[in-house]
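Visitor: Please choose one residue in this model and look at it closely, then follow the account outward into the rest of the fold.

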Amino acid sequence: MQPRNMSMSGVVDLAAVKAAQEAKAKAEQARAEAARQGGGAAGAAVSPASLVIDVDEAGFESEVLQRSTEVPVVIDFWAEWCEPCKQLGPLLERLAQEYNGRFLLAKIDVDANQMLMQQFGVQGIPAVFAVVAGQALPLFQGAAPEAQIRQTLDQLIQVGEERFGLTGLVVDADASGQQAPAPAEVPAGPYDALLEAAVQALDAGDLGGAVQAYKNVLSDDPANTEAKLGLAQAELLQRVQGLDPQAVRKDAADNPADVRAQIAAADLDLVGGHVEDAFGRLIDTVRRTAGDDRDAARVRLLELFEVVGGDDPRVTSARTALARVLF
């Protein structure tokens with residue numbers, strides 16, 4: 001059987017999240033920091049053996065959907081009687097170990113999990129899918145050359161980093177007998193003056209000046225957390241500047257199917273401190289819409305996550321809710 005659907009172009013061509021390169025740099029920086037702290041930034045370190053897991057219908061939400069908000073999950077649909085599966089399965093398991101936490105391999109026995117097979121529309125096995133931030137993506141069906149599989153995995157990981165800031169899993173190097181990789185160097189630079197200039201611009205109401213000042217920092221240090229947060233906040237304030245809150249909220253209430261109206265209202269919700277309302281509004285909008293409208297609401301939600309900060313428990317809860325809606 002020849003492999004099909006090896007290309008990830010359909011994912012890459014979706015509307016990109018703002019500052020994709022910065023998100024990728026942030027993912028790398030967070031991963032390096034987590035490695036230095038024994039996994040503190042991204043959860044406890046995992047053993048190499050836990051990079052390959054058997055999943056059934058009962059554990060799908062916790063082991064695939066929820067895990068996909070921190071690492072791309074590759075799903076291998078297989079069966080004991082399938083001869084090509086016996087070739088592809090060990091290859092994917094070896095690559096999961098080699099990629100060292102950049103993706104998680106979930107193996108699903110189709111004979112024991114017919115409902116999952118139907119939900120993914122699997123028509124033949126082996127079939128390989130991925131779930132990234134709750135979004136299911138077909139990768140390929142049938143046996144495939146290792147070089148093509150590697151290329152697909154590399155594209156998948158890039159999408160996870162650039163679009164969703166997924167940092168992957170920190171693997172316990174002691175358990176594998178390997179030395180931990182050298183941490184990424186943190187770009188150094190005298191950014192205090194630029195950051196102070198941005199704060200002063202915000203205080204003076206010069207939102208354009210603040211945005212530019214933060215961008216100046218990020219042009220040299222894309223992983224600068226303070227500048228990333230400041231830029232997201234300044235751009236949010238810039239978007240709501242001049243809006244009539246009553247008119248925006250009335251428009252959103254009168255036109256629940258108008259995605260632009262819901263996005264504008266969500267911005268106002270967040271500025272007003274109603275974080276859960278903002279997240280809930282956009283998650284509901286994603287649930288009700290499709291195509292470009294759905295993607296616009298999802299991208300704005302990811303941008304608002306940046307404003308609040310990835311460590312906030314409200315963001316964690318909203319990411320899980322978004323994953324359920326997307327799937």
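Guide: Let us begin with Val55, which is buried, with a relative accessible area of 4%, where buried stands for under 20% relative accessible area, exposed for over 50% and partly exposed for what lies in between, with a 1.4 Å probe and protein chains only. The model is a predicted one, in which local features need pLDDT of at least 70 and side-chain atom pairs count only at pLDDT 80 or more, while totals for chains, interfaces and linings use all residues. Residues are numbered from 1 along each chain as its sequence is written, and side-chain values use heavy atoms, with hydrogens and water left out.

Val55 sits in the loop between strand 1 and helix 3 (60–65); helices (H or I, at least four residues) and strands (E, at least two) are DSSP runs, numbered from the N terminus. Leaving aside neighbours within four places in sequence, Val55 is in contact with Phe60, Glu63, Val64, Ala106, Lys107, Ile108 and Asn113, contact being heavy atoms within 4.5 Å. Between Val55 and Asp76 there are 9.9 Å from C-alpha to C-alpha, although the two are 21 residues apart in sequence.

The strand that precedes this loop leads to the sheet. The sheet is open, with five strands in the order 1-3-2-4-5 and mixed pairing, two strands being paired if DSSP finds at least two bridges between them. Strand 1 (52–54) and strand 5 (135–141) are its edge strands, each pairing on one side only, and from one strand to the next the twist averages 25°. Strand 4 (residues 127–132) pairs with strand 5 in the antiparallel sense over six bridges, and in this pairing Ala127 stands opposite Gln141 of strand 5. Helix 6 packs on the sheet, where it touches strand 2 (73–78), strand 4 and strand 5, and its direction makes about 165° with that of strand 5; axes here are lines fitted to C-alpha atoms, for helices over the stretch in contact, and angles run from 0 to 180 degrees between N-to-C directions.

From the sheet we can turn to the nonpolar cores, each a set of buried Ala, Val, Leu, Ile, Met, Phe, Trp, Tyr and Cys residues joined through side-chain atoms within 4.5 Å. The largest has 52 residues, and those with the most contacts inside it are Val74, Phe103, Ile149, Leu270, Phe279 and Leu304; its largest share, seven residues, comes from helix 12. Apart from this core lies another, of 29 residues, among them Leu51, Ile53, Cys85 and Val171. Phe103, not counting residues up to four places away in sequence, touches Val71, Pro72, Val74, Leu92, Leu95, Ala96, Leu153 and Ile157.

Leu304 brings us to helix 14 (residues 291–308), where it is one of the buried residues, which also include Val299, Leu301 and Phe305. The buried residues of helix 14 pack against helix 6 (146–164), helix 10 (225–240), helix 12 (259–271), helix 13 (275–288) and helix 15 (313–326). Just after helix 14, Gly309 takes a positive phi of about 110°.

To set these parts in the whole, the protein has 15 helices and five strands, and buried residues make up 46% of its 327 residues. Of the contacts with a separation of 6 or more, 73% are accounted for by residues 24 or more positions apart.
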